[in-house]
Amino acid sequence: MIESKRHRRMIANIATYVVLASLTVFCIGPMIWMFLTSLKYEADIVTQTMQYLPSRVTFDNYVAIWTQSGFPRLIGNSLVVTFLTVTICVVTGTLAAYAFSRFAFRGRDQLMLGYLVVGMFPAVMMIIPLYVVMRGVGLVDSRFGLALAYTSFLLPLFVWMLKGFFDSAPKELESAARIDGSTRLGAMVRIVMPLARNGLVASSVFIAIAAWNEFLFALMLTTGQGSRTWPVGLQLMVGEFQLPWGVLAAGGILSIIPVIVLFAIVQRTMVQGLTAGAIKG
């Protein structure tokens, strides 16, 4: 019987590893294929027979997209818009999440439900009202206006995530700080936020990635190179009679480098934050 249990456990472990390996290939495979495509000449990409590995390696696609297009400006715009979006969400969302976590006021549950409902609506339904508002205040085709548009649907997500981390922070430490003479805001900054630091980082990373990859709002609310972001710039490189696969692949690789660097920096803190957020006191 013991041998039978070991046999079943071994089969379960093998099945688990097979599933994990399949998911890994499914997730990483497209990025590897995009990287290999970026190293090929255009004549080696569109062929009758499939070429998995480049027969001739070239970096001309990276040189072309960096020197012959406005891609550096597009990346810079995306960095600025992402930074503004994360800053707005952190400043306003932290206060909102703390209020929802610590105060019991009339309409709190309904307001939190309203935040959740916002994320259920398709983003395309919000574009026309946002465009009308942005045009009325003169923020169309501006990086700050685009950051505000991103905040309209990312802030509820940030508040919901951060509230869970604030709920897991012990209220007794905060009460002790209040007894020692600290203000409510001081207790939040000195006691609660350090305890929820990992959760704050995890929530901010999710917001940053969503803002970095957003396409629809950036396409509709920007018209010039001065505020256009990289997803829109890559899409506009596709012409009616031209589809530069190598250049597009090189642009995709350059676009995910900031995300990879960000994950490498905050990976440990983010994992700790997600783990802490899953444990409620």
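Asp-44 is buried in this predicted model, with a relative accessibility of 9%. Because burial is called at under 20% relative accessible area, a value of 9% places Asp-44 in the buried class. Its partner is a useful contrast: the side chains of Asp-44 and Arg-56 meet in a salt bridge, with 3.1 Å from N to O. Asp-44 belongs to helix H2 (residues 42-45), while Arg-56 sits in the loop between H2 and helix H3 (60-67), so the bridge ties together parts that are 12 residues apart in sequence. Arg-56 itself counts as partly exposed, at 42% relative accessibility. This contact belongs to a count of five salt bridges.

A second set of contacts centres on Glu-174. How are Arg-102, Glu-174 and Arg-184 linked? These three residues are joined in a network of salt bridges. On one side, the side chain of Arg-102 meets that of Glu-174 at 2.7 Å, again from N to O. This pair links distant parts of the chain, since Arg-102 is in helix H4 (residues 71-102) and Glu-174 is in helix H8 (residues 171-179), 72 residues apart. Both of these residues are buried, and for Glu-174 the relative accessible area is 3%.

On the other side, Glu-174 forms a salt bridge with Arg-184, at 3.3 Å from N to O. Here the link runs from helix H8 to helix H9 (residues 184-195), so it ties together parts that are 10 residues apart in sequence. Arg-184 counts as partly exposed, with a relative accessibility of 31%. The network therefore holds a buried residue, Glu-174, together with a partly exposed one, Arg-184.

Stepping back to the whole chain, the helices named so far belong to a set of 13, and there are zero strands. Read along the sequence, the pattern is α-α-α-α-α-α-α-α-α-α-α-α-α. Is the chain spread out or compact? Its radius of gyration is 24 Å, well over the 19 Å that the globule rule gives for 281 residues, so the chain is more spread out than a compact globule. Along the principal axes, the C-alpha atoms fill a box of roughly 75 × 75 × 30 Å. Of the 281 residues, 37% are buried.

The surface also has its own features to look for. Which residues gather in a patch of positive charge? They are Lys-5, Arg-6, Arg-8 and Arg-9. Arg-6 lies in helix H1, which covers residues 2-38. With a relative accessible area of 56%, Arg-6 is exposed, because exposed means over 50%.

Another surface patch is nonpolar, and its members are Leu-113, Leu-116, Val-117, Met-120, Phe-121, Val-124, Met-125, Trp-160, Leu-216, Leu-219 and Met-220. Together they have about 1000 Å² of accessible area. Helix H5 (108-118), helix H6 (124-137) and helix H11 (216-221) are the elements that give two or more residues to this patch. Trp-160, also a member of the patch, is found in helix H7 (residues 143-168). At 37% relative accessibility, Trp-160 counts as partly exposed.

Note on methods: Residues numbered from 1 in each chain as written. Predicted model: local features only at pLDDT ≥ 70, side-chain atom pairs only at ≥ 80, totals over all residues. Heavy atoms only, no water. Patch = residues over 30% accessible without salt bridge, like charges linked within 9 Å, V, L, I, M, F, W, Y side chains within 5 Å. Areas by Shrake-Rupley, 256 points an atom, 1.4 Å probe, with all protein chains shown as cover. Salt bridge = Lys/Arg side-chain N within 4 Å of Asp/Glu carboxyl O. Lys, Arg positive; Asp, Glu negative; His and termini not counted. Charge placed at Lys NZ, Arg CZ, Asp CG, Glu CD. Helix = DSSP H or I, 4+ residues; strand = E, 2+ residues; numbered from the N terminus. Buried < 20%, exposed > 50% of the residue type's maximum accessible area, 1.4 Å probe, protein only. Rg over C-alpha atoms; globule rule 2.2 N^0.38 Å.
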